[in-house]
Amino acid sequence: MEGLTVPYHWCYILGIEFGFKEMPVGGAALDLAGVPLPDETLSAAKQSDAVLLGAIGGYKWDNNKKLLKPETGLLQLREGLKVFANLRPASVLPQLEDALTLKKEVAGGVDLMVVRELTGGIYFGNPRGFGTNENGEEIGFNTEVYATHEIDRIACIAFETARKRRGKLCSVDKANVLEVASQF
């Protein structure tokens, strides 16, 4: 609950009352319940107004099978809550411009928002797995699949976000080599 120190402090100062419930996910859930996302955790998350998520994994579980890796719990949580958009702001504070490895003229004043889709594409596409190619080499493979509704909803988030900021949007894809990206 270390990550709640500041929220508790501000709630106290502002006279706001919040209820917090700690539930295991990822590595902690694997240790406690043997699965990366217990049903009780997903149920509690669905009943909550917000979810504050800390670190979920570590080297301890690196050799687990895929379904028993901490990251699987995160993907299951995203899917269960129908959380499909990740907004990642990136900016350079004026106080840090001189500490950058990039030229100040290039990185100074950077202020952008990366909008990333979380529940479609390569994360949940099938088939996926491991196999052997025609040369007898071990291979791993994932399939990237996007349905039109998945593209529409992430595009809406990106356009709405751009509209609230500077009104500029840049879509980054590999449509020149990936058929799935040509849908964007």
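# A guided look at a predicted model

Among contacts between residues at least 6 apart in sequence, 55% join residues at least 24 apart in this protein. The model is a predicted one, so let us walk through it with that in mind.

Visitor: Hello! In what order do the helices and strands of the protein run from the N terminus on?

Guide: Welcome! The protein has six helices and four strands. Read from the N terminus, the order of these elements is α-α-α-α-β-α-β-β-β-α.

Visitor: What radius of gyration does the protein have, set beside a compact globule of 184 residues?

Guide: The C-alpha atoms fill a box of roughly 65 × 50 × 35 Å along the principal axes. For a compact globule of 184 residues one would expect a radius of gyration near 16 Å. The protein, by contrast, has 20 Å.

Visitor: What share of the exposed area do carbon and sulfur atoms supply?

Guide: Let us begin with burial: buried residues make up 23% of the 184 residues. The protein exposes about 13700 Å². Of that area, the share from carbon and sulfur atoms is 56%.

Visitor: How far apart are the mean positions of the positive and negative charges?

Guide: The protein carries 20 positive and 24 negative charges. Taking the mean position of each set, the separation is 4 Å.

Visitor: Which residues make up the largest nonpolar core?

Guide: A good place to start is Leu 37, whose contacts beyond four places in sequence include Val 25, Leu 42 and Leu 77. Leu 37 also touches Ala 29, Gly 73 and Gln 76. The largest nonpolar core has six residues, namely Val 25, Leu 37, Leu 42, Ala 45, Ile 56 and Leu 77.

Visitor: Is Thr 41 buried or exposed?

Guide: Thr 41 sits in helix 3, residues 39-47. Leaving out residues up to four places away in sequence, Thr 41 touches Met 23, Pro 24 and Val 25. Its relative accessibility is 6%, and the cut-off for burial is under 20%, so Thr 41 counts as buried.

Visitor: And Ile 151: how far is its C-alpha atom from that of Gly 121?

Guide: Ile 151 belongs to helix 6, residues 148-164, and at 9% relative accessibility it counts as buried. Beyond four places in sequence, Ile 151 touches Tyr 146, Gln 183 and Phe 184. Gly 121 is 30 residues away along the chain, and the two C-alpha atoms are separated by 9.8 Å.

Visitor: Why does Glu 137 count as partly exposed?

Guide: Glu 137 lies in the loop between strand 3 (129-132) and strand 4 (138-141). Gly 131 and Thr 132 are its contacts once neighbours within four places in sequence are set aside. Partly exposed means between the 20% and 50% cut-offs, so Glu 137 fits because its relative accessible area is 45%.

Visitor: Which residues does the cis peptide bond join?

Guide: In general, most peptide bonds are trans. Here one has an omega of about 5°. Pro 127, in the loop between strand 2 (111-117) and strand 3, takes part in this cis bond, which joins Asn 126 and Pro 127.

Visitor: What is the phi of Lys 82?

Guide: Lys 82 is in the loop between helix 4 (70-81) and strand 1 (85-91), and at 67% relative accessibility it counts as exposed. Most residues other than glycine have a negative phi. Lys 82 is not a glycine, yet its phi is positive, at about 55°.

Key. Residues are numbered from 1 along each chain as its sequence is written. This is a predicted model: local features need pLDDT of at least 70, side-chain atom pairs count only at pLDDT 80 or more; totals for chains, interfaces and linings use all residues. Side-chain values use heavy atoms; hydrogens and water are left out. Helices (H or I, at least four residues) and strands (E, at least two) are DSSP runs, numbered from the N terminus. Buried means under 20% relative accessible area, exposed over 50%, partly exposed in between (1.4 Å probe, protein chains only). Contact means heavy atoms within 4.5 Å. The radius of gyration is taken over C-alpha atoms; the globule rule is 2.2 Å times the number of residues to the power 0.38. Accessible areas come from the Shrake-Rupley method with a 1.4 Å probe; for residues, only the protein chains shown count as cover. Lys and Arg count as positive and Asp and Glu as negative; His and the chain ends are not counted. The place of a charge is taken as NZ of Lys, CZ of Arg, CG of Asp or CD of Glu. A nonpolar core is a set of buried Ala, Val, Leu, Ile, Met, Phe, Trp, Tyr and Cys residues joined through side-chain atoms within 4.5 Å.
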